[in-house]
Amino acid sequence: MRKLLRPFLFLVCTLALLAAGCGKKAAAPKIEPVQYPGWIEVKLDPDARFSVPSVFFEETEAIRKKMEAEETDPYVKALLEKDRAQYSKKGSIVLVTTDQGAAFLEAGNHAARITFQTVGSPMKLPRYGQNLGMDEKALQEFGTATMDGIKFSDGKGLPDGYTVTYSNWSPMKTEIINGVEHLFTAYDKTILQEGVPLVTVHTLRWTFLNNDRIHILTASYPKEEEAYWNDDGRKLRNIVRTLAIIPSKSAAKDSFLDKVKVKCTLFTGHPVRRVHFAL
């Protein structure tokens, strides 16, 4: 039971850090997404739109079923099941370069994945485009919670004999792109079978706060394909420059910070510290 509560409490504790002390209403950001020649637009009404290199296509349920029927690698089958659970909801999507799942584990296939996920928040967050004003300690705490959440999610449901290890975590930092401040980190994940490394995947991860919801954009590719996916015509790091998120006008609930403090203290042994956002 304690393990089942862990990812939820990590999220709640992290949101409590962010929900406290939000500043006054900020001016709406002037969003002017970059357009790259030959890229195709992805629309996720009513939440967002962004563009990707033309080699990407949506991993639909029909494609997942096709891959599951043809795929024998248990790790890929487990990944497809996670995709179904996490990205089948409105405001979320997976984009891939191939409908052959194992290609991600094989050298020279130029495989890559892009995901966009919209997650509802149980408490009020900064408005989209509001300056976050997080100090170094707050960024470190958010980064640690994010790292633990990723490790827990990746480790859940792994087939027998498979493990994952992590390296080269980039410290969580804030970036401003298209006038919007958000959170960014990157890391390498190595997938092993019976202790033998199969592939090391590099992941870029951007997190946007939007009143009553969180948006997470990721781009992943085999580490050895880094030069290919950093080419000017298909640079995956540029996807975030094409992103336009619709500011949420929903009435988010109050933060209930004191209640969350108690839960987090009971679980972690440490009280939640307030973080004040710049105006």
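Here are a few exercises on the predicted model above, each followed by a worked solution.

Residues are numbered from 1 along each chain as its sequence is written, and side-chain values use heavy atoms, with hydrogens and water left out. Since this is a predicted model, local features need pLDDT of at least 70 and side-chain atom pairs count only at pLDDT 80 or more, while totals for chains, interfaces and linings use all residues.

**Exercise 1: the overall picture**

Find how many helices and strands the protein has, and what share of its residues is buried.

*Solution.* Start with the secondary structure, where helices (H or I, at least four residues) and strands (E, at least two) are DSSP runs, numbered from the N terminus. The protein comes to six helices and 11 strands.

Next, take burial: buried means under 20% relative accessible area, exposed over 50%, and partly exposed in between (1.4 Å probe, protein chains only). Of the 279 residues, 48% are buried.

Finally, look at contacts, meaning heavy atoms within 4.5 Å. Among contacts with a separation of 6 or more, 69% are between residues 24 or more positions apart.

**Exercise 2: a pair of helices**

Describe how helix H2 and helix H3 pack, and work out which residues make the contact.

*Solution.* Two packed helices are described by the angle between their axes and the distance between the axes. Axes are lines fitted to C-alpha atoms, for helices over the stretch in contact, and angles run from 0 to 180 degrees between N-to-C directions.

For H2 (residues 61–70) and H3 (residues 74–87), the angle is about 165° and the axes are 10 Å apart. H2 and H3 are therefore roughly antiparallel; the classes are under 35 degrees for roughly parallel, over 145 for roughly antiparallel, 65 to 115 for roughly perpendicular, and oblique for the rest.

The crossing of H2 and H3 is left-handed, a term for a near helix turned anticlockwise from the far one by less than a right angle (clockwise would be right-handed).

Now list the residues: H2 contributes Glu61, Arg64, Lys65, Met67 and Glu68, and H3 contributes Lys77, Leu80, Glu81, Asp83, Arg84 and Tyr87. Sorted by class, this contact has three nonpolar, no polar and eight charged residues. In this sorting, Ala, Val, Leu, Ile, Met, Phe, Trp, Tyr, Cys and Pro are nonpolar, Asp, Glu, Lys and Arg are charged, and the others, Gly among them, are polar.

**Exercise 3: a sheet and its hairpin**

Give the strand order of the open three-stranded sheet, then look at how S1 and S2 are joined.

*Solution.* Two strands pair if DSSP finds at least two bridges between them. The order is S1-S2-S11, with antiparallel pairing. Strands S1 (40–44) and S11 (244–245) each have a single partner strand and stand at the edges, so one side of each has no neighbour in the sheet.

Zooming in, S1 and S2 (residues 48–52) pair in the antiparallel sense over five bridges. Among the bridge partners in S2, Arg49 goes with Lys43 and Val52 with Ile40.

S1 and S2 form a hairpin with three residues between them. Pro46 lies in that loop, and the peptide bond from Asp45 to Pro46 is cis, with omega near 0°. Asp47 is also in the loop between S1 and S2, and it is buried, at 5% relative accessible area. Its contacts beyond four places in sequence include Ala244 and Ile245, along with Thr118.

**Exercise 4: two threonines in strands**

Which residues do Thr118 and Thr185 touch?

*Solution.* Thr118 is in strand S5 (residues 113–120) and counts as buried at 18% relative accessibility. Leaving out residues up to four places away in sequence, Thr118 touches Asp47, Gly91, Ser92, Arg213, Ile214 and His215. The C-alpha atoms of Thr118 and Ile216 are separated by 6.6 Å, although these residues are 98 apart along the chain.

Thr185 is in strand S8 and is buried, at 4% relative accessibility. With the same sequence exclusion, Thr185 touches Trp169, Ser170, Met172, Thr203, Leu204 and Arg205.

**Exercise 5: positive phi in two loops**

Are Asn178 and Glu194 buried or exposed?

*Solution.* Most residues other than glycine have a negative phi. Asn178 has a phi near 55° and sits in the loop between S7 (173–177) and S8 (180–193). Asn178 is buried, with a relative accessible area of 18%.

Glu194 has a phi of about 50° and lies in the loop between S8 and S9 (196–210). Glu194 is exposed, with a relative accessible area of 64%.
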